[in-house]
Amino acid sequence: MNKILFGTISAMALGLAAPASAADLAARPYTKAPPPIAAIYDWSGFYIGINGGGGTSRKCWDFVTPATGVLVGEGCHNATGGTVGGQVGYRWQSTNWVFGFEGQGNWADFTGDNISAVSGLRNQSKIDSFGLITGQVGYAWNNVLLYVKGGAAVVGDRYRTYDVATGLEFDRANETRWGGTVGVGVEFGFAPNWSVGFEYDHIFLGHRTIDFTGSGNFAGAPLGAFSASDRISQDVDIALIRVNYRWGGPLIARY
């Protein structure tokens, strides 16, 4: 009897203790959800693109007097027109700073003229090509990049003079002139690996003395014979719209 009573009391005690033990267990710990991942644009990588726009070049001609070398002003004009070309380069990004280098080549048709105050001929100039080799430093706000650039520039120039009455070419000269360039631009990444931008460049070309040769027309100097020398100064201003395709990881995950 005592064994039966003791067993019954023990079973009742265990039944009462079980709920108390469960109540004493610690609540399940709360785990905070990880913060959302912010996707940022990465400007690093090689890129290739096309560009188009317009430009103007200020040209001033000074006639070089043969005997004394004294300069006599003939007048100035603006050579304006359109341009199209392409660029290829590489950029790398460190935090928000973006560094790079680029080569650019363009066909152009910047043309202008004025009547010479010395000869009475029509002085015409044309830029038919230019190239830029530059370094870049920029600052990025996610998919927006603001940058400055600078380096070397080369321009292909054509010079012609015409008889005003007949319109016949009198003499001519061609040159390839090197100088420096600075520019500023803003670029927007509108899709993975694609961006569109707006850029302004100024090319410093200084002045240079050019020898002209005859065109062989009855109104001009003999074909290929020296006719005159002019010191021609020029600077160029260019505005471009650019579209680039970049290969490399377009996005970086950042918490």
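A residue is described here as buried when its relative accessible area is under 20%, as exposed when that area is over 50%, and as partly exposed in between. By this criterion Arg91, at 3% relative accessibility, counts as buried. The description below applies this term to a predicted model, in which buried residues make up 36% of the 255 residues in the protein chain.

The confidence of the prediction varies along the chain. The average pLDDT of the protein chain is 87, and 81% of the residues score at least 70. For residues 1-23 the pLDDT is below 50, and this stretch has zero contacts in the model beyond near neighbours in sequence. Residues 250-255 also have a pLDDT below 50, but for this stretch the model shows 18 contacts beyond near neighbours in sequence.

The protein chain contains one helix and 10 strands. Read from the N terminus, the order of elements is α-β-β-β-β-β-β-β-β-β-β. Eight strands form a closed barrel with antiparallel pairing, in the order β2-β3-β4-β5-β6-β7-β8-β9. On average, neighbouring strands of this sheet are turned by 15° against each other, with direction ignored. Of the contacts between residues at least 6 apart in sequence, 68% join residues at least 24 apart.

The pairing of strands β6 to β9 can be followed in sequence order. Strand β6, comprising residues 144-162, pairs with β7 in the antiparallel sense over 19 bridges. Within this pairing, Thr161 has Asp171 of β7 as its bridge partner. The two strands form a hairpin with six residues between them, and Gly167 in the turn has a positive phi of about 80°. Strands β7 and β8 run antiparallel and are joined by 13 bridges; here the bridge partner of Gly189 is Ser195 in β8. The hairpin of β7 and β8 has two residues between the strands, and Asn193 takes a positive phi near 75°. Strand β8 is in turn joined by 18 bridges to strand β9 (residues 226-247), again in an antiparallel arrangement. One bridge of this pairing places His207 opposite Ser233 in β9.

Charged side chains make further links between the strands. Side chains of opposite charge can pair when their charged atoms come close. The structure holds 13 salt bridges. One of these joins the side chains of Glu187 and Arg91, with an N to O distance of 3.0 Å. Because Glu187 lies in strand β7 (residues 169-191) and Arg91 in strand β3 (residues 71-94), this pair ties together parts that are 96 residues apart in sequence. Glu187 is buried, with a relative accessible area of 2%, and Arg91, at 3%, is also buried.

The surroundings of Arg91 were examined in the model. The side chain of Arg91 makes a polar contact with the side chain of Glu187 at 3.0 Å. When neighbours within four places in sequence are left aside, Arg91 is in contact with Trp43, Ser44, Gly45, Tyr47, Val98, Phe99, Gly100, Gln136, Leu145, Tyr147, Glu187 and Arg242. The salt-bridge partner Glu187 is thus listed among these contacts.

A second set of salt bridges involves Glu175. The side chains of Arg177 and Glu175 meet in a salt bridge with an N to O distance of 2.7 Å, and both Arg177 and Glu175 are buried. Glu175 also forms a salt bridge with Arg208, the closest N and O atoms being 3.1 Å apart. This second pair links distant parts of the chain, with Glu175 in strand β7 and Arg208 in strand β8 (residues 194-214), 33 residues apart. The partners have unlike accessibility: Glu175 counts as buried at 8% relative accessibility, whereas Arg208 is partly exposed, with a relative accessible area of 38%. Elsewhere, salt bridges that share partners join Glu102, Lys149, Glu199 and Arg242 into one network. Of these residues, Arg242 is also one of the contacts of Arg91.

Definitions and conventions
Residues are numbered from 1 along each chain as its sequence is written. Side-chain values use heavy atoms; hydrogens and water are left out. A salt bridge is a side-chain nitrogen of Lys or Arg within 4 Å of a carboxyl oxygen of Asp or Glu. Helices (H or I, at least four residues) and strands (E, at least two) are DSSP runs, numbered from the N terminus. Buried means under 20% relative accessible area, exposed over 50%, partly exposed in between (1.4 Å probe, protein chains only). Two strands pair if DSSP finds at least two bridges between them. Axes are lines fitted to C-alpha atoms, for helices over the stretch in contact, and angles run from 0 to 180 degrees between N-to-C directions. A polar contact is a pair of N or O atoms within 3.5 Å; within protein, one must be able to donate a hydrogen and the other to accept it, and residues adjacent in sequence count only if both atoms are side-chain atoms. Contact means heavy atoms within 4.5 Å. pLDDT is the predictor's confidence in each residue, from 0 to 100.
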